[in-house]
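Work through the exercises below with the model open. Try each task before you read its solution.

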Amino acid sequence: SSDPSYCLPAAMEAASVLCGDEENKVAFCRGMAILCGRDVDQAASDGLDQVDAAWQAKRRARDGEHFHVTFLTKADLQTVAEKLRVPSSDECASLQAHGVSLPSTIDAAAAAAVAAELLRARTGSFAWVNVGTGSAKDGAEEAAFRVLLWPAGAAVRRMLGLEAQDFHITLGFRQHDVHGKSKGLSSLVSGCPDAAAVSTLADEAAQLLESSRADELSLDGDGVEQLADAALLGASAHEDTLGEAAALRVLCLLHGRRKEGGRLLPCAERLLELEPEDEVGCRSRASALVILKRFEDALPALELAIAQLDKVPAEKREKQEKMLKGALDLCTKKLGSGPRAPKVSAASTDSAGLYAEDTDFLSAFLEKRELKFPSTPHLKNLGAATRDDKLLDSKRLKAFCGSGRTVCIEEKVDGANLGISLDMNYTPRLQGRSKLVNWETDHQFRGLKEWLDEHAGALYEMLERNRHILFGEWCAYKHTVSYKRLPGYFVAFDIYDRKVGKFLSRKAFHTRLARAPEPRIPA
């Protein structure tokens, strides 16, 4: 050990230290790889006053006086060892790419040593953040713990082909420790990271992104996003606008490097709401509009970003100027010699202008009843239609049958009718036939929040705020048909354009869905 003054947990005396410094160590112990050290003990002490003394005693009987974080379980190390015994495996290739040689004997201890070697090579190997106290229950058993975010540890697990792990420090438990339950951010007792953790989360995210090479962003990017999202969650809950702005800057830079226009734009616009003259916000908004091919909107945004270049650090200014002017040239070419959009400042997108459009949309839907999806009439009543069903009138029937027009036939999926639009903050607005709906009060729409999070990028690129409505069937719960092979819980069937007062043609509809980023929305 490089820190003789720190003793490993008493119940783990047979442990061997694999890597670390005076504050943090990774050790192989009782068939596991663990993180321990002074910093871990200090993080644990932050939450002990909230834990019953009897619970703490049960933990001490198992682990001793000191605390630890499980990095790799026994099962994890066995899995890694099996993979490393296959020279052609992806894991062996990853080791070679990172300059780590395979041990001659491959067992659990060797697998732990390999993981430690990979960790040592990561940026910020021991840069983890203590975000707050969590709790998990399983019947009569309950555990209390400190929730950690550890990007380098998570990256090593991905490199070894392992699933994500909720890193935590167990503080105590009733009866037995709880396993198989979430011990991540969703388990936090307060529902969000501690206020004191917000600035640390944002700073660590920024440092990790700054130090990540382009070829490492696929690994580090997830860690950056996890840290920044946690900072954003904590900042919003604690009304910390400075922390929120710091987290949004990191997300803007991350999504910009990843060319994720649909995710970049709402982050940039929210940042500009908080700080209208923010350079990163101005530059990111311009970049997002270019990525989304909204060239006319991008022109004034790019000019504004170029005017802010004096705020960019001198060593980065030339590169940013070249990129922005290149994007400006691209927009000019795409638009030809047509009329230019007027110049606007970030501050001109004031709340009165933004929310007037939201109010207009809601009035059209809730009061004027203009935007609900029309009921589909029957061509002919074959005996199944009820008094509530509509039949096609003779004039429309003649236009539909025998007029020489092309008819597209698509399956009618049995689910809950759902319309999705975006308000001026890019927040999804959800509507049923005649009312707004949500997953909290409408049981049949549970699971929709997770779906919206997963498909946010596609929605941002497909729908213009307060203009387009994506209609489809939400099929998470059975109505009358039991489906066995649904392509997704939401199956789209139409997009309405308020500006022209019409639904898209079938070709335009399917083209728009096909061009959206992954994961695509099925139709």
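Axes here are lines fitted to C-alpha atoms, for helices over the stretch in contact, and angles run from 0 to 180 degrees between N-to-C directions. Helices (H or I, at least four residues) and strands (E, at least two) are DSSP runs, numbered from the N terminus. The model is predicted: local features need pLDDT of at least 70, side-chain atom pairs count only at pLDDT 80 or more, and totals for chains, interfaces and linings use all residues. Residues are numbered from 1 along each chain as its sequence is written, and side-chain values use heavy atoms, with hydrogens and water left out.

**Exercise 1. Describe how H9 and H11 cross.**

Step 1. Find helix H9 at residues 241-257 and helix H11 at residues 279-291. Their axes come within 10 Å and cross at roughly 35°.

Step 2. Take the hand. The crossing of H9 and H11 is left-handed (the near helix is turned anticlockwise from the far one by less than a right angle; clockwise would be right-handed).

Step 3. List the contacts (heavy atoms within 4.5 Å). H9 brings Arg249, Cys252 and Leu253, and H11 brings Val280, Arg283 and Ser284.

Step 4. Sort these residues. Ala, Val, Leu, Ile, Met, Phe, Trp, Tyr, Cys and Pro count as nonpolar, Asp, Glu, Lys and Arg as charged, and the others, Gly among them, as polar. The H9 and H11 contact has 3 nonpolar, 1 polar and 2 charged residues.

**Exercise 2. Do the same for H12 and H13.**

Step 1. The axes of H12 (residues 295-307) and H13 (residues 314-335) come within 9 Å, crossing at roughly 155°.

Step 2. That angle makes H12 roughly antiparallel to H13. The classes are: under 35 degrees roughly parallel, over 145 roughly antiparallel, 65 to 115 roughly perpendicular, and the rest oblique.

Step 3. The crossing of H12 and H13 is left-handed.

Step 4. On H12 the contact includes Phe295, Leu299 and Ile306; on H13, Leu324, Leu328 and Cys331 are among the residues. The full contact of H12 with H13 divides into 12 nonpolar, 1 polar and 4 charged.

**Exercise 3. Is cysteine 29 buried or exposed?**

Step 1. Apply the cut-offs: buried is under 20% relative accessible area, exposed over 50%, partly exposed in between (1.4 Å probe, protein chains only).

Step 2. Cysteine 29 has 2% relative accessibility, so cysteine 29 counts as buried.

**Exercise 4. Place these parts in the whole.**

Step 1. The protein has 18 helices and 12 strands.

Step 2. Of its 523 residues, 46% count as buried.
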